[in-house]
Amino acid sequence: MISKKTEQLVIATVGFFWAFLMWFSTAAFSTSIDSAFGLTTGGLALLASSALWLAPPGRVIAGWAADRFGAHNTFALILAYSGLMSIASAFATNYDVLFVERLIVASAGISFVVGIQHVSQWFDDHEIGTAEGIYAGTGNAGAGVGALVLPRLYGTNFGDAFLHLGIVALVIAVVYKWRGEPAKDVATAETARSNSGIKDTLYVWTRFAAIGLMLAYAMSFGLEIAMNSWLPTYYASGFQDAIAGLGFTSVAAIQTAAGTFAAVQSFNASLFRPFSGYMSDLWQRKGWTPYPFLSAEQEYAPRVHWLMTALLLITLMMCALTVAGTMGLLPVSVVVLAGFGIAVSFGTGGVFAIVPLMFKDRPGIAAGFIGGISTAGGIVYPLVFGWIPDIHMGYAAVAIVFFVPFIAFFVWAMRSEQSLSEHGIGSRERWLGSEKPTNAVPGGDD
């Protein structure tokens, strides 16, 4: 018989996997939707980008709600309304109605921060990285599974797919509400609930470490979802001749090949995320702090050093993609892309191996801020990629213009020997008063 905390991890992971499956299911049927409603290229682009519109504010609200009302209630609600809307979208006969319904379905992606909060309330400090990595890595795989499996199961019949996805979401919502519990004990749940006011929110948002982690997540997950939407276009346009040389000559064949290359990034970014969480736990146990420009004194310092390694690797891989592309080396580009996906997973796993420990008493608020605002990168980066005249130079441009300053801020925020509460805009006393929270930890949310 599995333990209670394992059961909660399984429920959260299944719920998140299905939420991601619904989030990106629209993209899996874009061609069929185009055929059914006669969309323009601009209409297709708008439909694709709409999947991200509600993520930044939605995750912020969802994280707060997880602290305030419990993750099991919040996650069940998200699955219920997105499932009902998915069912409704199966019967849409007007594109405008379908667009609005699928926009609401796509908000299922905000559930990520709810599950992060839920898992953090059940697992101990020494295992939190691995547990969060399993949750997030398995859940993220829902996007890739949807792209590969849904068209093969349903062909062009997107209505049936949306109907069945919605029905299963409702079933999972019932199970989550029935079997889910907010925390391992009443005191832990009450601490999160009592620290969910507006001043608590502003306190978290004004901590420099929280901003640094948000930028790190923009470099990793924000980049991951940007690449999910950009890479098929990149390979189809940037390596058209090389792909044709492999025997893919028709438009459909080129798109299939480009999508296959792009999937390398998505699957590696999901597959290695649990490993990243494990590595964060390992670095913490071993006390590894190799970077002299980062703090070695904070209780969670080794985890910060592991994340720094990931951020450096992501930046180097972006530059390597530009080099491989400008040299016209398709095989090298795909190999680099595989390494890039691993580096991204190190970043995403590394961030959320720190967040629940740094903000023990406000895990949902912190996860909502860090996991929500950072998704704006998924909208901004593709715009930069498309704006640069040389399609291969966009990666290096983003690395230099965005990532170098992001890393500089991260280093500045994380090198401080001050406690988290004092290293920000205003002290803890300024925002919250002088009382100590229940679960204070040295160097953390104290």
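**Entry 1: a pocket**

How many nonpolar, polar and charged residues does the lining of the second largest pocket have, by class? I began my notebook with this one, keeping in mind that I am looking at a predicted model. My tally for the lining is four nonpolar, four polar and four charged residues. I noted that 12 residues line this second largest pocket. Those that lie nearest its centre are Ser120, Phe123, Asp125, Lys184 and Lys360. For its space I wrote down about 190 Å³.

**Entry 2: cavities**

Next I looked for closed spaces inside the protein. I found three cavities of 30 Å³ or more. The largest cavity holds about 100 Å³ of space. It has 13 lining residues, and Gln298, Tyr300, Ala413, Met414 and Ser416 are the closest to its centre. Which helices each supply at least two residues of the lining of the largest cavity? I wrote down helix H17 (301–326) and helix H22 (394–414). Sorting the lining of the largest cavity by class gave me seven nonpolar, six polar and no charged residues.

Then I turned to the second largest cavity, with a volume of about 40 Å³. I listed its lining as Trp23, Ser50, Ala51, Leu54, Ala55, Leu103, Ala106, Ser107 and Ile110. By class, that lining has seven nonpolar and two polar residues, and again I noted no charged ones.

**Entry 3: a nonpolar patch on the surface**

I moved to the outside and found a nonpolar surface patch of about 510 Å². Leu46, Trp53, Leu54, Ile379, Val380 and Leu383 make this patch. I had already met Leu54 in the lining of the second largest cavity. Which helix gives the most to the nonpolar patch? My answer is helix H21 (residues 377–387), with three residues. I picked isoleucine 379 for a closer look and placed it in helix H21. Isoleucine 379 counts as partly exposed because its relative accessibility is 36%, between the cut-offs of 20% for buried and 50% for exposed.

**Entry 4: salt bridges**

I reminded myself of a general idea first. Side chains of opposite charge can pair when their charged atoms come close. I counted nine salt bridges in this structure.

The first pair I wrote up is glutamate 7 with lysine 4, whose side chains meet in a salt bridge at 3.3 Å, N to O. Both sit in helix H1 (residues 4–23), and they are separated by about one helical turn because they are three residues apart. Is glutamate 7 buried or exposed? I call glutamate 7 buried, because its relative accessibility is 14%. Lysine 4, at 30% relative accessibility, counts as partly exposed.

Lysine 4 turned up again in my next pair. Its side chain also meets that of glutamate 181 in a salt bridge, at 3.0 Å, N to O. Glutamate 181 lies in the loop between helix H10 (158–179) and helix H11 (186–194), while lysine 4 lies in helix H1, so this pair ties together parts that are 177 residues apart in sequence. At 32% relative accessibility, I put glutamate 181 down as partly exposed.

My third pair is aspartate 200 with arginine 362, a salt bridge in which the closest N and O atoms are 2.9 Å apart. Where do the two partners sit, aspartate 200 and arginine 362? I located aspartate 200 in helix H12 (residues 198–205) and arginine 362 in the loop between helix H19 (355–358) and helix H20 (363–373). This pair links distant parts of the chain, 162 residues apart. I marked both aspartate 200 and arginine 362 as buried.

I ended this entry with a network. Lys4, Glu7, Arg179 and Glu181 are joined into one network by salt bridges that share partners.

**Entry 5: what is covered**

How many of the 11 residues of H20 are buried? I got 10, so I describe this helix as mostly covered, with buried meaning under 20% relative accessible area. Among the buried residues of H20 are Pro363, Ile365, Phe369 and Ile370.

Last, I checked aspartate 67, which has its place in helix H5 (residues 55–69). Aspartate 67 is buried, because its relative accessible area is 2%. Between aspartate 67 and glutamine 265 I noted 33 Å in space, C-alpha to C-alpha, and 198 residues in sequence.

Key
Residues numbered from 1 in each chain as written. Predicted model: local features only at pLDDT ≥ 70, side-chain atom pairs only at ≥ 80, totals over all residues. Heavy atoms only, no water. Patch = residues over 30% accessible without salt bridge, like charges linked within 9 Å, V, L, I, M, F, W, Y side chains within 5 Å. Areas by Shrake-Rupley, 256 points an atom, 1.4 Å probe, with all protein chains shown as cover. Salt bridge = Lys/Arg side-chain N within 4 Å of Asp/Glu carboxyl O. Helix = DSSP H or I, 4+ residues; strand = E, 2+ residues; numbered from the N terminus. Buried < 20%, exposed > 50% of the residue type's maximum accessible area, 1.4 Å probe, protein only. 1 Å grid on protein atoms, 1.4 Å probe; cavity = no way out; pocket = protein on both sides within 12 Å on 5 of 7 lines; lining within 4 Å. Points joined across faces, edges and corners; volume = space filled by probe spheres on them. Nonpolar A, V, L, I, M, F, W, Y, C, P; charged D, E, K, R; others polar.
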